[in-house]
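Reader: I am new to this structure. Please show me how to read an interface between domains.

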Amino acid sequence: MANFHDKVVYQIYPKSFCDTNHDGLGDIKGVTSKLDYLAYLGVDYLWLNPFFVSPQKDGGYDITDYRKIDPAYGTMEDLEELIAEAKKRHIYLMFDMVFNHTSTTHDWFKQALTGNEKYQQYYYFVKGKEDGSMPTNWESKFGGPVWQYVEDLDAYYLHLFDPTQADLNWKNPEVRQELADIVNFWIDKGVKGFRFDVINLIDKVAFEDDFEGVGKRFYTDGPLVHSYLHELNRRSFGQHEDIVTVGEMSATSITNCVGYTKPENQELQMTFQFHHLKVDYQNKEKWTHMPFDFQELKQLLNDWQTGMEKGQGWNALFWNCHDQPRSVSRFGNDKEYHKESAKMLATVMHMQRGTPYIYQGEEIGMTNNYFTDIHQYRDVESINYYHILKERGLSEEEVQQILQDKSRDNARSPMQWTRDGGFSDVEPWMEMNPNHVTINVEDSIQDADSILHYYRRLIQLRKQYPIISEGSYEPILPDHPSIYAFKRTYQNEVMIVLNHFYDKEVQLSLDGIEDYEVLISNYPSHTLTPKLVLRPYESLVLYKK
Ligand code: GLC
Ligand code: CA
């Protein structure tokens with residue numbers, strides 16, 4: 001099994017990374033052109049969001065052909081070049097496998113629609129209720145019902161996401177074999193990692209009305225997910241020593257994630273879970289405006305850290321991805337304490353037990369976009385919810401505020417390379433954040449105190465100190481109102497990680513602090529005395545041997 005504890009993964013949203021052929025869309029050659037930068041940052045794997053043939057209804061998570069590269073991104077030769085060039089720099093690629101659903105433009109679905117029974121069994125075509133209404137009352141993740149009626153077949157097909165994303169029927173062994181074959185196809189091309197999209201939704205337990213919720217309990221973490229993953233592991237990536245896998249788990253539990261990642265189960269190596277990114281949801285509803293609940297955040301981080309360790313599971317650590325608003329705007333302060341708070345948040349993730357993921361632009365402190373007009377948005381979910389919220393009676397101002405907080409497009413605007421932008425020399429597919437004038441890679445490289453240099457240092461420390469990758473985790477100061485702190489231990493080493501989440505100074509007392517040295521901090525100088533003062537958004541990592 002690949003050793004992934006001391007590795008760092010960098011996520012690339014190809015469409016917004018770098019455009020080399022002047023069409024305003026990022027491309028594969030653009031990724032290749034930035035490999036020296038990624039090696040300089042020090043990352044080991046690049047997770048690329050899907051760039052396969054797709055009508056792009058959901059940013060490429062709606063796939064027409066899993067083995068073909070969308071010409072908008074380049075060619076198979078471009079990809080082979082990227083794999084080879086990355087390898088020269090000891091960087092490996094992680095592909096995104098969207099196996100819960102295909103696009104309705106996929107050949108399997110098209111065959112199904114023409115009446116081909118074999119391919120109808122690849123999806124869930126279900127008859128309506130006696131009165132012809134939908135089979136269940138479940139709601140789609142993107143708003144609206146999960147069922148779409150097909151007149152010719154007098155049946156509904158299931159789509160947990162957009163109507164153009166039809167759910168695959170994993171109960172069908174042929175489907176499972178097809179998907180394993182796709183993984184093997186990419187392994188043969190030299191791909192060394194896989195991220196499995198919403199993979200805990202593949203077992204639909206029963207098609208019944210949900211009178212308590214929107215249907216999730218009938219399709220989330222179903223018992224067969226474990227057997228399906230084990231089978232996929234045995235048929236594909238599990239046959240190789242050096243492949244890293246991560247599953248994206250929607251609304252999951254610690255028990256299940258332990259099960260998915262415990263080595264002896266032979267399923268996956270680590271999981272993404274999202275509970276800590278729901279602490280700014282009012283009444284569990286994403287499309288609301290609310291400051292984050294710090295105590296809940298701490299509790300969740302502590303529970304997942306200790307629970308996964310106890311069960312011998314492994315966490316993927318992250319604040320950001322293409323589906324989340326920018327962490328510095330969400331949990332930090334992207335104005336007065338931009339640098340301090342971005343570095344503090346980085347310290348939190350990189351010092352926990354698990355494998356850290358950096359989302360493009362996070363390493364320079366990219367912020368939310370603060371768009372003010374719906375026409376600036378591109379994301380299907382954001383646009384749907386704009387209309388849903390308006391229909392619910394919210395004012396334009398309220399809706400814009402919620403989109404500014406929660407839209408996935410906050411993460412998807414083009415990467416800020418230079419003071420002039422540097423993403424493309426034509427108008428990009430989505431507006432670039434105007435703050436690229438001050439927040440960009442060019443300036444970050446020059447500035448010795450930049451967020452970028454801090455990330456480089458965090459990555460180096462992980463390679464140098466096994467306590468970071470292997471140490472045990474223990475919460476400290478659990479009830480402190482503004483500090484999130486924990487202790488790591490490994491053999492005869494101890495590390496204390498203090499993170500201050502607010503902008504007032506705070507005093508605390510730590511016995512025995514004189515025995516420690518500072519491993520890293522986002523402030524330049526410290527006096528380590530039992531009465532310690534933490535400055536706004538200060539992180540302090542103490543180490544002793
Ligand atoms: C995952 C992806 C997200 C996509 C959804 C449906 O959550 O990260 O971008 O919309 O799955 O494929
Ligand atoms: Ca391009």
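Author: Start with polar contacts. In this predicted model, twelve residue pairs are in polar contact across the interface of domain 1 and domain 3.

Reader: How many salt bridges does the rule find across the interface of domain 1 and domain 3?

Author: Zero.

Reader: Which elements give two or more residues to the side of domain 1 that touches domain 3?

Author: They are α9 (294-310), α11 (338-351) and α16 (451-464). That side of domain 1 divides into 14 nonpolar, ten polar and six charged residues.

Reader: How do I read the size of an interface?

Author: The size is often given as the accessible area lost when the parts come together. Here, domain 1 and domain 3 bury about 2,500 Å² between them. Carbon and sulfur atoms carry 65% of that area.

Reader: Which residues of domain 1 lose the most area to domain 3?

Author: F294, M344 and M351. Together they make up 25% of what the domain 1 side buries.

Reader: How many residues of each domain are in contact?

Author: Domain 1 gives 30 residues, and domain 3 gives 33. The centres of the two domains, taken over C-alpha atoms, are 28 Å apart.

Reader: Where do these domains lie along the chain?

Author: The domain assignment places domain 1 at 9-102 + 173-369 + 439-459. Domain 2 is 107-167, and domain 3 is 468-544.

Reader: Now the ligand. Which residues come nearest to ligand 1?

Author: Of the 14 residues around ligand 1, the nearest are D58, D197, E248, H322 and D323. Look at the side chains. An N or O atom of D323 is 2.5 Å from an oxygen atom of ligand 1. For a polar atom of H322, the distance to a ligand 1 oxygen is 2.8 Å. For an N or O atom of R195, it is 3.1 Å.

Note on methods:
Residues are numbered from 1 along each chain as its sequence is written. Chains are lettered from A and ligands numbered from 1 in the order in which they are written. This is a predicted model: local features need pLDDT of at least 70, side-chain atom pairs count only at pLDDT 80 or more; totals for chains, interfaces and linings use all residues. Side-chain values use heavy atoms; hydrogens and water are left out. Domain bounds come from an automatic or database domain assignment. Contact means heavy atoms within 4.5 Å. Buried area is the accessible area (1.4 Å probe) that two parts lose on being put together, summed over both. A salt bridge is a side-chain nitrogen of Lys or Arg within 4 Å of a carboxyl oxygen of Asp or Glu. A polar contact is a pair of N or O atoms within 3.5 Å; within protein, one must be able to donate a hydrogen and the other to accept it, and residues adjacent in sequence count only if both atoms are side-chain atoms. Helices (H or I, at least four residues) and strands (E, at least two) are DSSP runs, numbered from the N terminus. Ala, Val, Leu, Ile, Met, Phe, Trp, Tyr, Cys and Pro count as nonpolar, Asp, Glu, Lys and Arg as charged, and the others, Gly among them, as polar. A residue is near a molecule or strand if one of its heavy atoms lies within 4 Å of it.
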